[in-house]
Amino acid sequence: MKALLIVSDGMGDRPNKKLGGKTPLQAAETPNLDYVAKIGCCGIMDTISPGIPPGSDTAHLAIFGYDPYEYYTGRGAFEALGVGIRIYPGDVAFRANFATFEEQENGLLVTDRRAGRKVPEGGKLAEKLNKYRLKTAKDVKFRFEHSVEHRGVLVLSGSGLSYKVSDTDPHETLQMVHECKPLDDSKEALKTAKIVNELNTAFHEILKNNPLNQERISRGEPPANGVLLRGAGILPKVTPLNQMYGVSCSCVAAAALYRGVAAAVGMKLFKAPGDTATYETDEESIARTVLDILPENDLVFIHFKPTDNASHDGNPELKAKMIEKLDNMVGKLVEGIDLENEHYIAVTADHTTPCSVQEHTGEPVPLVMAGPGVRTDQTTAFSEIDCQRGGLGRLRGKDIMPIIMDYLGKTRIFGS
Ligand code: ZN
Ligand code: ZN
């Protein structure tokens with residue numbers, strides 16, 4: 001017995017006027033999702049708890065079975081794992097952006113949070129940054145790694161560090177670079193904040209004088225003369241899924257965060273060719289990759305990103321189109337598996353992102369499960385509205401994994 005768990009990011013929505021009062025999921029043509037709803041059991045799910053808008057990181061932790069209130073330790077470590085950077089217990093990782101700073105009397109002004117988005121010099125600039133030696137804490141080392149475009153990761157390693165520190169990123173342009181502040185009274189947080197502030201100044205000094213930035217300026221591009229840091233995090237102390245249930249599990253995802261959460265809970269990482277996590281993503285290639293790796297796995301988690309992108313862009317028609325792409329992927333998967341005898345499939349979202357709000361909100365998301373022996377219900381279509389009267393009722397995100405593992409025969413009887 002094997003299972004597929006598909007999470008379509010931000011798929012949940014509200015009735016939308018532009019769609020005649022339907023949600024994008026209701027408005028989309030979804031014969032394959034409707035088929036799974038018809039042969040399976042539906043429900044709605046509060047990923048964290050009712051009324052709490054989840055971040056994608058806490059939502060995925062919950063869907064993988066870990067109570068985020070107990071296990072969430074910041075986003076940075078997931079980002080690092082997701083781009084293939086090794087981090088160890090005790091390391092503090094930050095999400096980083098190359099940015100454009102302007103020196104002012106009272107500090108550094110952020111004139112472009114992404115330094116024009118294209119920073120092909122990122123790897124070379126990172127090398128220069130990594131030559132710097134910390135003065136405030138000689139027992140701490142750091143590593144800056146460039147990933148794609150303007151993005152990177154900063155990892156601090158050493159004794160007495162904490163992830164309870166604030167961002168230097170003001171999250172808006174034409175704001176001053178923020179001073180990093182400790183978020184609790186610990187000496188670890190104070191020490192970490194001092195290190196971050198030292199690096200903020202040092203990185204700007206190193207970058208502003210770098211010839212690659214002089215070349216950028218002469219080409220009319222914004223210089224990558226600063227680094228903004230946000231989302232400090234450490235590895236969560238979780239028992240990985242493979243140890244907890246004795247299963248082999250893998251993830252097929254393109255975006256760093258989801259790959260990182262999956263890696264943190266013990267999944268092997270795969271990426272389908274052409275999976276761009278954008279509107280152009282090749283959903284049939286994702287399905288092929290999943291079917292290729294399925295023989296070696298008990299559970300495959302599949303992350304589908306474009307639904308959330310269309311939601312943040314406030315475009316319900318485009319979101320419906322992306323849901324149709326998801327439906328096409330589900331169709332290819334259903335063709336390649338045996339839902340009568342051998343395989344289970346679960347499809348859900350990590351949170352609701354209404355196109356009318358363009359941000360995550362706290363409504364529950366639709367959920368469907370199908371496979372051998374799964375009880376059916378009266379639901380014959382997959383949507384936020386139809387799933388409300390499904391047999392799974394209203395669940396929490398952390399309930400999904402035990403239900404899947406129970407179908408796979410990997411749970412133990414509680415009591416005797
Ligand atoms: Zn999400
Ligand atoms: Zn989102």
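Is aspartate 308 buried or exposed, and at what relative accessibility? Buried, at 2% relative accessibility. One caution before I go on: this is a predicted model.

Let's stay with the metal site. Aspartate 308 is a donor to the zinc ion (ligand 2), through OD. Two histidines join it there: His312 and His360, each through NE2. The distances run from 2.0 to 2.1 Å. Along the chain, the donors follow the spacing D-x3-H-x47-H.

Look at the D-x3-H part. Aspartate 308 and histidine 312 sit in helix 12, residues 306-312. They are four residues apart, about one turn of the helix. Their accessibility classes are worth noting. Aspartate 308 counts as buried. Histidine 312 is partly exposed, because its relative accessible area is 27%, and buried would need under 20%.

There is a neighbouring metal to keep in mind. The zinc ion (ligand 1) is 4.6 Å from the zinc ion (ligand 2).

Now the packing. The largest nonpolar core has 85 residues. Leu5, Phe64 and Ile345 touch the most other members. Which helix gives the most to this core? Helix 13, residues 316-336, with seven residues. Both domain 1 (2-71 + 239-407) and domain 2 (82-233) contribute residues, so this core lies between them.

Zoom in on phenylalanine 64. Setting aside residues up to four places away in sequence, phenylalanine 64 touches Leu5, Leu241, Val261, Ala262, Val265, Met267, Phe301 and Met401.

Last item. A second core, separate from that one, has 34 residues. Among them are Ala126, Phe142, Ala189 and Leu212.

How values were computed
Residues are numbered from 1 along each chain as its sequence is written. Chains are lettered from A and ligands numbered from 1 in the order in which they are written. This is a predicted model: local features need pLDDT of at least 70, side-chain atom pairs count only at pLDDT 80 or more; totals for chains, interfaces and linings use all residues. Side-chain values use heavy atoms; hydrogens and water are left out. A nonpolar core is a set of buried Ala, Val, Leu, Ile, Met, Phe, Trp, Tyr and Cys residues joined through side-chain atoms within 4.5 Å. Buried means under 20% relative accessible area, exposed over 50%, partly exposed in between (1.4 Å probe, protein chains only). Helices (H or I, at least four residues) and strands (E, at least two) are DSSP runs, numbered from the N terminus. Domain bounds come from an automatic or database domain assignment. Contact means heavy atoms within 4.5 Å. Donors are N, O and S atoms within 2.8 Å of the metal (3.2 Å for Na, K and Ca); water is not among the atoms, so sites may look incomplete.
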